[in-house]
Structure formats: structure tokens, C-alpha cells
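Work through the exercises below with the structure open. Try each task before reading its solution.

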Amino acid sequence: MKSFCNRIRFISSFLLSATLFGVANCQGGFQPGNGGENGQQSQLCTNVSQSLLEEIKRYQPIVNQIGQLILNGTYKGIAYKNLSEFVDNFGSRLTGSESLEKSIDHVLNTMKFIGLDDAHCEDVTAPKWVRGYESLTMTVPYKKNIQVLGLLPTVQTPEEGITSEIVVVESYRDLQENKNDVLSRVKGKILVFNHPFDDAVNAVTYRHRSAIEGAKVGAIATIVRSYATFSLSTPHTGEMHYEDDTPPIPSAEIAIEDAELLGRLYDRGQKIVLNLILRNQRVGNITTRNTIGDLKGSSIPDEYVLVSGHADSWDVGQGALDDGYGVILSLLVPDVLKTMNLIPKRTVRSIVWTAEEISKVPLGAQQYLEQHGDELRNKYSFFLEADSGIFNARGLIMNGTDEAQCIISEILKLLEPHIIEKTRVVTPFPDLKTDIVPLMRATGVPGAILDTDGEKYFWYHHSNADTVTALNPNDLDVCLALMTSLSYVLADLSIMLPKMVV
Ligand SMILES: [Zn+2]
Ligand SMILES: [Zn+2]
């Protein structure tokens, strides 16, 4: 086997002249050895054989070495360095933009540079939207310009905008219960939803469905309090939905502070008038690309463990947290393994998805599923994605049988305490859009995203604050060590993980 020891690896591309990608640290061997005690088996492990649990423990020395290389060795800080260069050079990467396609070229070149097998792109069809002029002005009771971000695919307002008195509610229930006779007052007006972030799954329905629920009660546009847990007057954006049986009305998000201001004024009986201009445009369908590369398995190369993230982002900030870091970690996992000369039995397949954000379903993953359904169903042990933030990673949020959860939990214990003080596996998987969700639903193959500090993630998510400045190198290193360790052990284990019933 070709050794990658003691050589410095550089990425070259049309934009990046020289990016340090890692230096091998080849102290000692990298074969499974004897593991130590790692806590108590849970009830989930009832049907897992003792021999498999002991097999997992024998990976302890390898996980220690992966952790050492990434947290204290030559890969320390490399993920942050690569991520900052990625987002600084390409910027935000909205589906249909030139910057996204250039970033995908870079991902492909990097896969080839790393030496992944069969590195290639596959076409994906997706809609293209262009954000036009947007503004929101309060004209009564006094003039105030309000930061606004249209949701996509919002319909346009007329060029001069919509000028209307507003009605403010806190929830869909206010409409259902006709709170304060809201239904008689909302017709022909702009409806503002000032709904606090209660939980991620419920709160996002105000971004997704406000235009539908608003149109049902006769509103002419909806303004939504940003889907965020904290704000420094930063509006957020994202994807919204229409339904065939309700007229499409314009919809946009404003910062928490402004939503609360409008709510307070309204509750005091103040008349409030807003002028909303949204000139976003759909400009047809485009072709974008998923990017795929393999660290080919040594003895069962036609079985896979997936490591993934998505290249596209919203057109605000840098898309560092969502999901530039997922791109970089999907490249670095096989790079670290190659550098350490750790070639597992199965193939570790990196896929950098495209067009995750722009539609109700993640289009890159959905179209990959349509084209590779049999392989995904029959040949994959696990789907892993980094698309849930990096802050204070503690383990995984996963979907899988008790047996699969036990195996993942036992593998994560190998990270304690040198990589993560105390690991955990969280279920159920949230009903939120992620690339691996349609894959898991269609195939029954278990999968996971990182379990991180989600509250902090939503400070930045889909806003101008999503820049590499929000991240820190150590958090990224921990995520990389987790994903590399897990991918290696899963790809090298004697068994594939059991599937769920679908
Ligand atoms: Zn997103
Ligand atoms: Zn994402």
C-alpha cells in the first residue's frame, strides 16, 4: 500500500493556489488492538452479540490515534483553515449561481487531489431564483426602515410594493380560534407572525406555511419573525411553500427585534402601516451537480459508508455553518484515513450534495436516490451527514433500530474522554429537511447527523451572520475526529448495520 506518511498535501485549483491539507503522522501501527472499558451496555444492546461489542472495543487504539492526529497533531486546525479558504474564495453559493458551480469544481478537484477513486459529478436539475430588490418600511406610526429577507420562492410584489395596514398574531392557533376577532380584520392586510422559536420543528412551520395560512384568511402578504434563537437585528431567510388551492402571496422574514416591535405596537392598539417590496424572480431550471468520490474498501469495496454535506447555501453570509463545514469534513474524512494509511474493508463514499436548500425536498439527494436506489438500499451500512452545526458536538442524532443505536453508541464511547468527554446518541431523528432523510426513508438504512448545540446553530442559520467567524477551529476538529472515527470503524466492522423496516 502506498504510504502517505510524512508528506505535506496541497490542494491546487483555479482559485486556491496552495492549501495545506494535512501532514501524515505515522507513529506506530494502525491495526485494531485491545480496547479498554467504556461504560455500561444499555438495554439497546440486548440483541447485540458480545463478540461484536468486543470487536468494537478493539478499535480503541485507532480511534485514539485519529483523535491525536486531529486534535493535537498535524491536522489540528486544518478543517478551519480549509473551510475559511473555501468560503472566502467562493462566497455564498445559492443554487443556480456561478459561485456554487465554481465551488463544486473545487470539490471535484480536491477529491482528485486527495486521490479518491472515481471522483466525478452527476447532474441535478434545480430551479434558479434570483433575489431582486427588497425593502420593508414602516410608514405609520413613524418612518422606520426594517431589514427584510424574502423567502424563496416568494412571488413578487408590484414594483412600488404593497402598502397596507398590518395585523399581528403569534401563532396559527390565533387564526384558528379567531383571537380578538382577527379574522374580520386581516382581510386585505399584511399579516405578521410574531412566533417565538419554541422548537426547531414547530417554529420552522412559520417560515414554510405562513403564506398558505395567511392566504386562507385573506391576507395579501405575510411577514414572519425570523426562524432564529437569538438576534442582533439579523433577518434570516430560507425556503417557503405554497399550495395549489390557496393564492400565492409574498412572504419575507424580519429580525426578532422588529417582529417584537411590531407586536408590541399592535398590542397597544397602534395603527401600523408597512410598505413591502420583494422583486425576487424565478429564471427557469438549471443543471447543477452532486460530487462523489470513494476511498475504496480493501476487501468489500462494493459496500459503503456515506459521509456527506451540501455545497449550496443561501445567498447571505458565507454559508460556512450551513453547510460549508459539511463539505470540508466530507473531504477531510477520507483524507485523514488515507494519510494514516487506514483503508477499511468497505468503501467510505464522500458525497457533496447540491441544491439542498432551494426546494421542499433536497433535490441533489432526491435525484441521486432516483438514480441509485438499489445500491443505496442494498449496499450501504450507514448514511452520515454534517449539516447541523459544529458547536460543542456530543455525538449523533440518528435514525436506526435499537441494535444499530447500540453499535453506534458503543463506537462513540471509543471517543471518550479524549475527543468528547461524554458521548450520546439521540433519537428520534427530527422531522427537518436534511439530504439523508429521503435516503433513510426510502431504504431503511440507518443514518445520523451531528448532535451539537442546536440553540447556538440557529443564531446564525440562513443569515448574514453565517460566516466562518462564527465557527472555531477546535469545534471543527472534534467534529472531524468524530466523523473520521465513526466512518472508519463502521466501514471496517465485520457486519453492516441492521436496516429499519420501511
Ligand atoms: Zn439550510
Ligand atoms: Zn443545510
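The exercises concern two metal sites in a predicted model.

Residues are numbered from 1 along each chain as its sequence is written, and chains are lettered from A and ligands numbered from 1 in the order in which they are written. In this predicted model local features need pLDDT of at least 70, side-chain atom pairs count only at pLDDT 80 or more, and totals for chains, interfaces and linings use all residues; side-chain values use heavy atoms, with hydrogens and water left out.

**Exercise 1.** Find the protein donors of the zinc ion (ligand 1) and classify the arrangement.

Step 1. Donors are N, O and S atoms within 2.8 Å of the metal (3.2 Å for Na, K and Ca); water is not among the atoms, so sites may look incomplete.

Step 2. Asp322 (OD), Glu357 (OE), Glu357 (OE) and His462 (NE2) lie 2.0 to 2.5 Å from the zinc ion (ligand 1).

Step 3. Four donors are tetrahedral if all angles lie between 85 and 135 degrees; four are square planar and six octahedral if opposite donors are over 155 degrees apart and all others between 65 and 115; anything else is irregular.

Step 4. The angles here run from 56 to 144°, so the arrangement is irregular.

**Exercise 2.** Which residue coordinates both zinc ions, ligand 1 and ligand 2?

Step 1. The zinc ion (ligand 2) has the donors His310 (NE2), Asp322 (OD), Asp387 (OD) and Asp387 (OD), at 2.1 to 2.4 Å.

Step 2. Asp322 bridges the two zinc ions, which are 3.4 Å apart.

**Exercise 3.** Is His310 buried or exposed?

Step 1. Buried means under 20% relative accessible area, exposed over 50%, partly exposed in between (1.4 Å probe, protein chains only).

Step 2. His310 has a relative accessible area of 0%, so His310 is buried.
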